[in-house]
Every structure is written in C-alpha cells, then in structure tokens.
Amino acid sequence: MPESQASETEVLEANWRRKVDRSTKWPVVAFIASGTFWLLVGSVFAIIASLKFNMPDWLVQQGWLTFGRVRPAHLNTVIYGWISMTGVGVATWLWARLLKTELRGRWLLMGSVVLWNIGMTIGTIGILAGYSRSIEWVEMPLAAFAFIVPAMAMVTAAFLITLRHRRVHHLFISVWYTGAAMIWGPFLVIAFLLPIYSGVPESMANWWFAHNILGLWITPIGIAAAYYLIPKVLGRPVYSYHLSYLGFWTLALFYNWAGVHHLVGGPVPQWSETVSIVFSMMMIIPVVVVAVNHHLTVVGHFKKLIYSPTLRFVVFGAMSYTAVSLQGSFQSLRFWQEVTHFTHYVVGHAHLGVYAFATMILFGAVYYIMPRIMDWEWESPRLISIHFWTVGLGIGMYVTALTIGGTIQGFQLLDADVAFLQIVEDLKPWLWARSVGGTLMVIGHFVFAYLLYRIIRRSGVAQTGPTYFRPAPEGMFGSRAADVKASLEERPGL
Amino acid sequence: MTYVPLLTIFVILITGAAITLTVLFRSIQDGQFSNLESGAYVIFDEDEPVGVPQDQVFWQDSDPDDASSDHTSPDRSPENDRSADLSVNGSSSSTS
C-alpha cells in the first residue's frame, strides 16, 4: 500500500464514525433547532425584563408584559427550552458517538421533540396569561409538564435502547455524565411535581429541585461535552482519567444534598440548612477535580484557542464552571448568604452557571457537531467571531455588574441607616450595565441562530476545510483524513 | 397529620439509592473501573489518533510536499501515541 494511503482499519473507522454521526442527524437537528428557537424567545423576554429595571414605566399597560410574567417566562424558556433541548441534542450525538453505535429509538426522540415543544408553548403562554405556579424555576402550569415529563422519559428510553446496542466495552467518562443526567433529570422533575408538598416543605423541595436541576441535569451534560471535546480537538487524552471518575462519583454523592442553603434565614430547620451548606462546601472536591483535569489537558495548547471556535467556547465554559462552582460553595456560607440573599448578586451567579458555563459549552458543542451531521461547514468565521465576542463580553459585563452591584446592595440592605430609595439609586448604573451586557448577548444569539439556519439548509459555498476564526498554521489541526479520503474514493464499498 | 408525603419521599430516596448502588456494583463487576488508564483513549480512532489534534470534518486537501513547511508539529511522542495498543470490543471492524 502506498505510504499516503490509509490502512483498511482507518477507512473502516472513519466510515463507521460518519455512519454513526448521520444516524443522529434528525433528532439532533430537531432538538438543537428547537432549543435555539426557545433561546431567541427567552432572549426577547430577558431583554424586556432587564430594561424594565432601567425604565420601570415601560410596557406596563398590559398584564402579560409586566415584569412578574416576563421574567419567569424568560427563565422557563431558557431552562426547559434552550438549555434542556439543546443539551439533549448534544447529549444524543455524544451518546451514539461514544457508544460507537447507530442511534436507536429515533422515533422516540422525534416524538419527544414534538411533545417538548407543545409543552413549552403551553407553559410559556400559560405564564404570560397569568397561570404561573409561582414556584421559582417551575413556574409553568402543570399542563406543560404533562408534555415535558413524557418527553424526557422518551429521551431516557431511547438512550437506554442505544446503550444496549453499544459496540464498546469501556464507557468513557462522558457516557457516565450523560447517562446519569438522563436518569437524574426526569427523576428530579417527577419527584418535585408529586402533589405531596405544601408550606415550608414545599419551599425546601422547591430549592432542592431548582439547585439540582442545574447540578444534576444541566451540569453533567456540559461536563460530558467538555470531557469529550477538549481532548478530541487537542488530540490529547484527559490528563487524569482516574480523577475524572472521582469527579463524577463525588458529584453524584454530594450534589443532591445541597439546595436548602438557598433558604438561609428562612423558617426552615437549621440542621437542614447546615447539611446543605456542608455538602455545598464538599462540592469543592469534584469541582477542583474537573478544573484540574481540564486545565492540565489544555495547558501548553492555549494557542489553539485563537483558531478553533469549538475549543474557544468550550474552554470558556469549562473555566466558568470552576468559577461558578467555587463561588457557589462559598456563597452557601451563612455569613455570605446574609449579605447576598435577595440581591442581584444571586442573579449574576445564576447566569455565570447557566450561561457562562453551560450555554458556552453548548455553543462550542454545536459548532463541532453540526458540520459532522450535516456534512457542511459553517459559512462564516466572521459571524462565529461576532457571536463569540458579543456573548463573551456580554456575559462578562453582566456578571461583573451584578456581582459588584449586588454586593453593594446586600451591604446597604443590612445597614439601617441607608434609605431604601438610596439603594435603588445606587443600583442604577449596575442595572444599565446589565442591560448593555444582555443586549450584546441577544445580538449574539440572533447571529448564532442565523448561522444555524444556514448550516441546516446547507447554504453558502461548499468549503474544503474546517471553519476557523483565522487560517490555522498547517499541522496545528489535522488528521489522517486526507489519506482516508483517498482510500474511500478508491474503495467506496468499505 | 399524614405520613404519606414522608413515606413518598422515603420511597423516592430508596429507589434513587438502589438504582445508584446497582449501577455502581454492576459496573465494578463488569470491569468498568479496571484498567482506567486505557479508557481515556477510547475516543481516539486509527484515523484520528492520539497526538493529532482534530477539529475538522472535511477531508483535508493537503499537499504531501507541504509536510516540511514551518508549522506547529503535533505531539506524536511515543508515550502519547498509544492508540495502537488499544483494543475496543465490538469495534467498527465488523461493519462493511
């Protein structure tokens, strides 16, 4: 065989990988496109809600546009629409690829997309129409969850069927995170929706749920994507595979004890708050493990962030995971809760987690996945760059403003000598910064949606290579693909 | 006072714990946690091996003569390039 030609094994593996990728195409496209639609809807609600802090008299004539409805509509559309649906899309692709088998239960997944979107539509309209359940993070009416819970169960079923047909023995760490999320997510929602809570226990269950839907549904999918994409793009194995398992099992054992620390100062048993605080601090173990692992995998290769959109978004998200998790652990401590509770600081923290960590990793994953399932490259590196800088700067400005402004607000609220109106006045510049940052993010979302629309339609000029922010030096990113291509052309039956 | 909510919560807790412990022990029996060192390499394939950064989907139209050009060379140290040592059960070799 000529030296330039690939071995038969290489051709087979490349061919099989493409087949596996393509088997996920329509469910993944449907979930990611739906998620992006809800991102746009949620973004519009977000910017309206944010501007209402700057212009309190704006859009107050109609009930459905008031802050009390628009804000929960934003939260529910981005959590259950954008993050959850796009997360399932990314997880679906990862699942098939890591199990090296074609996706099974595709009709279950397509049915899930339909049900999920119906549920989201009912839920969003329900909130805007005034039928909010007034339970934070679960505001959508029960009718919405009557569709979303079966949709989640159908995803889990499809994942289990695919798992049974896996063609690998060892389950990569991302499979553990993804599979666990597919069990934990529906489990959490069902456990909280049971009609057994009322009064203070309902509040405790509420914050147990709200905290864990982030940590045991959204977070594992984000970490799973990072654990696959960082080593894959860099061509380096995870720095310490042993540590990655320590991180997974400590997350599984510690995280679900936390949540009640959100009610520090409230009428809940002190011991339950203390347990929650202790386990929040213990979460430092899996967080540091993941942080060390990701950092030491990337170290020495940071230059590649200049070129690769996937790597830049994912590394941004991975670094934010460390930041938000450590912030969250210390935020649970009583002395700091007393300052930050009921302030904009908490909103900044939530966005650092859901956006700077999870959303940025999902963006990076989508940039990696879509060309592989569509057989079409991203059209414009310039637009991807605009997307990165608008959302990157936007979330940076947003979190910084609310962290500083919220801290000042917290100390002022504890000071009886400071008039309440003075606190409101002092918050104004920080809230304007929040709106500017939010506007940047919304611009980025529309750019991302346009790029997604174009690649789904396979629009633009067919490209001969990957889309980088700028032309990468030859050899920086490469594979034996050229050799394999030549072999495939000669032996298409393989 | 009704104990139904408390009992329900206990049932949920026990179910969750049972699932977790079952998965853990079956995984141990299955050998998922033995020889973890090689597990890190299952994401690499013959055509996308360890040591070669990979961020492309299309076949690169590279000129072999350019191989000597001045560019960052990928890390191909022997200790990193362990892909050949790995055997993946039920790998793609059964497909055609």
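User: Which helices are included in what covers the buried residues of helix 4 of chain A?
Analyst: This is a predicted model, in which local features need a pLDDT (the predictor's confidence in each residue, from 0 to 100) of at least 70 and side-chain atom pairs count only at pLDDT 80 or more, while totals for chains, interfaces and linings use all residues. Residues are numbered from 1 along each chain as its sequence is written, and chains are lettered from A and ligands numbered from 1 in the order in which they are written. A residue is buried if 20 or more other C-beta atoms, placed from the backbone, lie within 10 Å of its own, exposed if 12 or fewer do, and partly exposed in between; the buried residues of helix 4 of chain A include A:Leu109, A:Trp116 and A:Ile127. With helices read as DSSP runs of H or I of at least four residues, strands as runs of E of at least two, both numbered from the N terminus, and a contact as two C-beta atoms, placed from the backbone, within 7 Å, the cover of these residues includes helix 2 (25-54), helix 3 and helix 5 (142-164) of chain A.

User: What span does helix 4 of chain A reach from its first C-alpha to its last?
Analyst: The expected span of a helix is 1.5 Å times one less than its number of residues, and for the 23 residues of helix 4 of chain A this gives 33 Å. The helix is followed by A:Gly130, with a positive phi near 100°. The reach of helix 4 in the model is close to the expected value, at 33 Å.

User: Which helix gives the most to the largest nonpolar core?
Analyst: A nonpolar core is a set of buried Ala, Val, Leu, Ile, Met, Phe, Trp, Tyr and Cys residues joined through C-beta atoms within 7 Å, and the largest has 157 residues, with A:Val90 and A:Ala225 among those with the most contacts inside it. The greatest contribution, 22 residues, comes from helix 7 (residues 199-234) of chain A.

User: Is A:Lys100 buried or exposed?
Analyst: A:Lys100 lies in the loop between helix 3 (67-99) and helix 4 (106-128) of chain A, and has a positive phi of about 55° although it is not a glycine. Because 21 other C-beta atoms lie within 10 Å, A:Lys100 is buried.

User: Is A:Phe342 buried or exposed?
Analyst: A:Phe342 has a phi near 65°, positive although the residue is not glycine, and is found in the loop between helix 12 (334-340) and helix 13 (344-374) of chain A. Because it has 12 other C-beta atoms within 10 Å, A:Phe342 is exposed.

User: What radius of gyration does chain A have?
Analyst: Chain A has 16 helices and 0 strands, and 55% of its 494 residues count as buried. The radius is taken over C-alpha atoms, and the globule rule is 2.2 Å times the number of residues to the power 0.38. For 494 residues a compact globule would have a value near 23 Å, and chain A agrees, with 23 Å.

User: Over which residues of chain B is the pLDDT below 50?
Analyst: Chain B has 2 helices and 0 strands, and 22% of its 96 residues count as buried. Its pLDDT averages 63, with 52% of the residues scoring at least 70. A stretch that has 68 contacts in the model beyond near neighbours in sequence nevertheless has a pLDDT below 50, namely residues 58-96.
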